[in-house]
Amino acid sequence: PKVLRLILGDQLNMNHFWFEKTDESVTYLMMEMRQETDYVIHHIQKVVGFFLAMRTFSQTLQKKGHRVRYFSLDHPENRQNLKNQLEELIQKEGFTRFEYQLPDEYRLDQILKEVCESLPIPSSAVDTEHFLTSREFLKDFFKGKKTYLMETFYREMRRKYDILMDGKDPLTGQWNYDHDNRQALKDKKLLKKPLIHPKRVKEILEMIEKAEVKTIGKIDPEQFTWPVSREESLEILEYFCEQLLPNFGAYQDALTTWDPYLFHSRLSFSLNTKMLSPLEVVQTVEKYWYAHQNQISIAQVEGFIRQIIGWREYMRGIYWAKMPEFAQMNFFGHDRKLPDWFWTGNTKMNCLKESIGQSLDLAYAHHIQRLMVTGNFALLAGIHPDEVDQWYLGIYIDAIEWVEITNTRGMSQFADGGIVGTKPYVSSANYIKKQGNYCDHCAYDSAKKTGHGSCPFNSLYWHFYARNREKLEKNPRIGMMYRTWDKMGNQQEVLGQAEYYLKSLENL
Ligand code: FAD
Ligand code: SF4
């Protein structure tokens with residue numbers, strides 16, 4: 001037999017059973033292709049990051065004695081899409097069997113199913129051996145339930161994998177420490193420098209430019225900072241435990257101009273490309289915490305573990321339970337265009353200028369910047385979820401549809417009408433001011449709702465509630481808002497201010 005096995009760019013799991021032993025009859029196929037660089041406009045660092053990580057993976061496989069066919073983007077025999085490449089290789093080189101790992105994206109899942117049907121040889125798919133649950137687990141777990149509560153799912157994961165547990169009960173008797181984990185950062189001195197692995201990326205950059213791949217964002221050709229191998233990813237994990245974990249939970253929701261990463265791990269790219277597995281990440285962190293319990297409170301470690309075995313795994317389950325319909329959902333019927341300054345950071349609103357500017361510079365923003373600054377604004381301003389999705393899918397180094405769309409369309413835009421979240425994540429300037437120092441350096445006044453210089457978040461916030469009253473009023477978690485609104489004296493003025501801002505979104 002002559003077997004061809006496909007490895008996609010986000011399937012860099014060196015511990016997969018495929019690679020346990022070498023086999024002369026097996027050829028691994030990896031490709032940099034236009035099909036993947038062009039389905040959305042990506043950040044340049046994202047394209048470089050994926051290609052470098054793929055190249056590193058291919059070299060490691062070859063060093064271990066595996067046979068690999070690697071097509072760089074500029075390879076003369078690169079057909080630039082999966083279907084043509086597979087058909088050509090199979091025909092030319094006489095493979096007798098085709099195998100692949102189940103993709104995490106609906107789009108690629110469809111493509112592969114179709115390709116396999118038309119191939120002249122038998123094909124089969126295996127699991128990626130990455131996630132804690134199968135594609136269908138969440139759907140089956142919540143069978144018959146209208147809402148898929150993350151907290152219920154998360155507790156099940158804690159029990160199933162025995163993480164921070166004391167027998168059947170959570171360690172210390174408490175499942176959730178969110179309440180302790182919402183502080184603003186007051187002391188600059190607590191901050192640590194991120195661990196980076198600087199690399200020169202001039203050649204690969206030239207190749208991408210020569211191919212005229214359209215990209216956004218900036219890159220320093222002398223100093224690319226993301227991890228592109230399992231070894232580098234493990235170093236980042238270790239650095240996280242030693243330096244960042246002690247403050248992770250406490251400042252998880254902080255917003256500040258002082259530092260782009262705060263105490264966040266920067267592990268999403270390593271996880272989403274599968275250079276690291278979620279279980280090894282949480283087990284490493286848990287183990288480190290057990291050894292340092294007297295220095296690190298449980299709130300820090302629980303906050304981190306919840307993100308990975310809770311949110312991340314839950315989002316994947318939602319994706320497979322709700323796609324492809326999920327990608328069309330638009331609960332509020334929003335239809336505005338994203339203002340152009342989302343691609344330049346050129347706005348007077350300091351929170352957005354900082355969060356967008358940082359995203360363009362680093363292909364990174366932390367969760368609260370994504371959710372409560374850019375996402376919050378897009379929702380209040382009534383931007384079409386397709387526009388919002390395209391932006392998030394392009395700009396972040398970790399953006400792959402299964403985790404991007406569930407976070408964006410679901411958690412952030414509430415376009416799913418409440419599958420992911422029980423109420424929309426919206427706020428006025430109050431929240432942004434409370435969480436950090438963005439408002440201290442802003443052209444707008446966070447305390448003003450109306451009039452010249454009033455913060456747009458304030459009037460847009462009430463406009464959002466007022467225009468969506470019918471859809472939201474019955475939600476028991478929101479009813480209170482309408483009682484406050486009804487008592488507000490200057491409703492017309494507030495709505496008028498919001499209308500004015502909505503008409504001049506480009507100039508805010
Ligand atoms: P940390 O804060 O250190 O968290 C640790 C890990 O937990 C992350 O690496 C990630 O794997 C996981 N995690 C945390 N929150 C979430 C979440 N809500 N959903 C899934 N996993 C989570 N994450 C992506 O990986 N890809 C995306 O495309 C993406 N798009 C997002 C879009 C929006 C609108 C929002 C609000 C969030 C999005 N997230 C996405 C989730 C989260 O913001 C990022 O995972 C996180 O900022 C990555 O940085 P970090 O590794 O330093 O995270
Ligand atoms: Fe953002 Fe408003 Fe604060 Fe300015 S005043 S930083 S626009 S929340």
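Helices and strands here are DSSP runs, with strands needing at least two residues, numbered from the N terminus. By that count, F71 lies in strand 4, which covers residues 67–71. Keep in mind that this is a predicted model.

**Two phenylalanines in domain 1**

The domain assignment splits the protein chain into domain 1 (3–126), domain 2 (137–322) and domain 3 (340–507). Let's start with F71. Is F71 buried, partly exposed or exposed? It has 18 other C-beta atoms within 10 Å, and a residue needs 20 or more to be buried and 12 or fewer to be exposed, so F71 comes out as partly exposed. Skipping its neighbours within four places in sequence, F71 is in contact with M31, E32, E77 and N78. R55 is 16 residues from F71 along the chain, and their C-alpha atoms are separated by 9.7 Å.

F17 sits in the loop between strand 1 (3–6) and strand 2 (26–31). With 10 other C-beta atoms within 10 Å, F17 is exposed. From F17 to N81 you go 64 residues in sequence and 26 Å in space, C-alpha to C-alpha.

**Where domains 2 and 3 meet**

Taken over C-alpha atoms, the centres of domain 2 and domain 3 are 24 Å apart. The contact uses 25 residues of domain 2 and 30 residues of domain 3. On the domain 2 side, the elements giving two or more residues are helix 9 (268–272) and helix 11. Helix 11 gives the most to that side, at 6 residues. Sorted by class, the domain 2 side has 14 nonpolar, 6 polar and 5 charged residues.

**A closer look at helix 11**

Helix 11 takes in residues 298–322, which is 25 residues. At 1.5 Å a residue it should span 36 Å, and its end C-alpha atoms are 34 Å apart, so the two values agree. There is a bend, though: helix 11 turns by about 35° at R306. How many of the residues of helix 11 are buried? The count is 22 of the 25, so the rest of the structure largely encloses this helix.

**The two ligand shells**

Ligand 1 is surrounded by 27 residues, and H264, S265, Q307, R312 and E404 are the closest. Four elements give two or more residues to this shell: helix 9, helix 11, helix 13 (367–380) and helix 15 (401–412). Which domains supply at least three residues each to the shell around ligand 1? Domain 2 and domain 3 both do. So helix 11 turns up twice, on the side of domain 2 that touches domain 3 and in the shell around ligand 1.Ligand 2 has 13 residues around it, with M349, C351, C439, C442 and C455 coming nearest. Helix 12 (350–362) and helix 16 (429–434) are the elements that give two or more residues there.

Here is how the two shells break down by class, along with the element that gives the largest share of each.

| Shell | Classes | Largest share |
|---|---|---|
| Ligand 1 | 11 nonpolar, 11 polar and 5 charged residues | helix 15, 6 residues |
| Ligand 2 | 10 nonpolar, 2 polar and 1 charged residues | helix 16, 3 residues |

Conventions
Residues are numbered from 1 along each chain as its sequence is written. Chains are lettered from A and ligands numbered from 1 in the order in which they are written. This is a predicted model: local features need pLDDT of at least 70, side-chain atom pairs count only at pLDDT 80 or more; totals for chains, interfaces and linings use all residues. The expected span of a helix is 1.5 Å times one less than its number of residues. The bend at a residue is the angle between axes fitted to the seven residues ending there and the seven starting there. A residue is near a molecule or strand if its C-beta atom, placed from the backbone, lies within 6 Å of it. Ala, Val, Leu, Ile, Met, Phe, Trp, Tyr, Cys and Pro count as nonpolar, Asp, Glu, Lys and Arg as charged, and the others, Gly among them, as polar. Domain bounds come from an automatic or database domain assignment. Two residues are in contact if their C-beta atoms, placed from the backbone, lie within 7 Å.
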